[in-house]
Amino acid sequence: MDRSRIRTRNLALAAIVGAAYAALTLGLAPISYGAVQFRVSEVLCILPYFIPSTAWGLFAGCAIANIMGGGILDIVFGSLATLGAALATAWFGKKEHTLTNSILACLMPVIFNAVIVGAVVTAVFTVEGETINPFTHWGIYAATAASVGFGEFVVLFVLGLPLMRWLPTQEFFRKYIEKFKV
């Protein structure tokens, strides 16, 4: 198969993943935003482990979801957190697909979102009319980062890791991802 067909498939898949991420986030909006969030759409962050091009779809889908439900800080930094996590996940996917690498890949969205989205959520808090600075209010930031990280951990380790280990055992999945290799 020629490279242009593979690139077209990768682009199309990235668009589908982005649309799925945005739809899941918006469809489950009550639990997708805020200091305590369980973005079920984050389970899609395992896909770059198998197909690296999906990282860009996750970035676009997250940006769309944040445009619809977040502020400018979340649109910019929340989307960049998802992109960073997805690229790191793809990096682990280039290695041998061991349990350790799968766990480390699942940790990437947890860490990126806890640190970055935790700071974003802290920055939009106001106490007595004053905005909270995550760089000077470490306690509030730490609690918010832990809360965001906890929700991310639940999604990635209750749903994501089992899927990440199960999908490659399925012939349909192995055949499918083969179509995206350049």
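## Notes on a predicted helical model

1. Let's start with F153, which has a relative accessible area of 40% and is therefore partly exposed. Please keep in mind that this is a predicted model. The ring of F153 pairs with the ring of F157. The two residues sit in helix α7, 4 residues apart, or about one turn of the helix. What does their pairing look like: stacked or edge-to-face? The pair is stacked, with 4.4 Å centre to centre and 20 degrees between the planes. The partner, F157, counts as buried because its relative accessibility is 17%, and the cut-off for buried is under 20%. A good thing to look for on screen is this pair, with F153 partly exposed and F157 buried.

2. Now widen the view to the aromatic pairs. A search of the whole structure gives 8 of them. One is formed by F50 and F173, and this pair is edge-to-face: the centres are 5.0 Å apart and the planes are at 85 degrees. Where in the chain do the two partners lie? F50 belongs to helix α3 and F173 to helix α8, 123 residues apart, so that the pair links distant parts of the chain. F50 has a relative accessible area of 9% and is buried; F173, at 7% relative accessibility, counts as buried too. Y49 joins F50 and F173 in one aromatic cluster.

3. F50 also brings us to the nonpolar core. Side chains that are nonpolar tend to be buried together in soluble globular proteins. Here the largest nonpolar core has 32 residues, and F50, L58, C106, L156 and M164 are the ones that touch the most other members. The helices α1 (3–27), α3, α4 (54–69), α5 (72–93), α6 (99–124), α7 (138–166) and α8 each give two or more residues to this core. Which element gives the largest share? That is α7, with 5 residues.

4. L58 is a nice residue to click on next. Leaving out neighbours within four places in sequence, L58 is in contact with V17, Y21, L44, C45, P48, T82 and A86. One of these contacts, C45, leads us to the cysteines.

5. How many disulfides does the structure hold? The count is 0. A disulfide is a covalent bond between the sulfur atoms of two cysteines. Why is C45 not bonded to C62? The sulfur in C62 is the closest cysteine sulfur to that of C45, but at 8.0 Å it is too far for a bond; the cut-off is 2.5 Å. C106 is in no disulfide either, since its nearest cysteine sulfur, that of C45, is 9.5 Å away. Both residues are tucked away from the surface by the numbers: C45 counts as buried at 1% relative accessibility, and C106 counts as buried at 0%.

6. The loop between α2 and α3 deserves a look of its own. S41 is found there. Is S41 buried or exposed? With a relative accessible area of 0%, S41 is buried. Its side chain and that of T25 are joined by a polar contact of 2.6 Å. Leaving aside neighbours within four places in sequence, the residues in contact with S41 are Y21, L24 and T25. Y21 is also among the contacts of L58.

7. Q37 lies in that loop as well, between α2 (29–32) and α3 (47–50). Its relative accessible area is 10%, so Q37 is buried. What does the side chain of Q37 reach? It reaches the backbone oxygen of G34, at 2.6 Å. Not counting residues up to four places away in sequence, Q37 touches I31, S32, V117, V148, G151 and E152.

8. Last, a point about charge. Side chains of opposite charge can pair when their charged atoms come close. The structure holds 1 salt bridge. In this salt bridge the side chains of K175 and E171 meet, at 2.9 Å from N to O. The two residues lie in helix α8 (residues 171–178), 4 residues apart, about one turn of the helix. K175 counts as exposed because its relative accessibility is 52%, and the cut-off for exposed is over 50%. E171, at 47%, counts as partly exposed.

Key. Residues numbered from 1 in each chain as written. Predicted model: local features only at pLDDT ≥ 70, side-chain atom pairs only at ≥ 80, totals over all residues. Heavy atoms only, no water. Buried < 20%, exposed > 50% of the residue type's maximum accessible area, 1.4 Å probe, protein only. Polar contact = N/O pair within 3.5 Å; in protein donor to acceptor, adjacent residues only side chain to side chain. Contact = heavy atoms within 4.5 Å. Salt bridge = Lys/Arg side-chain N within 4 Å of Asp/Glu carboxyl O. Core = buried A, V, L, I, M, F, W, Y, C linked by side-chain atoms within 4.5 Å. Phe/Tyr/Trp six-rings, centres within 6.5 Å; stacked < 30°, edge-to-face > 60°.
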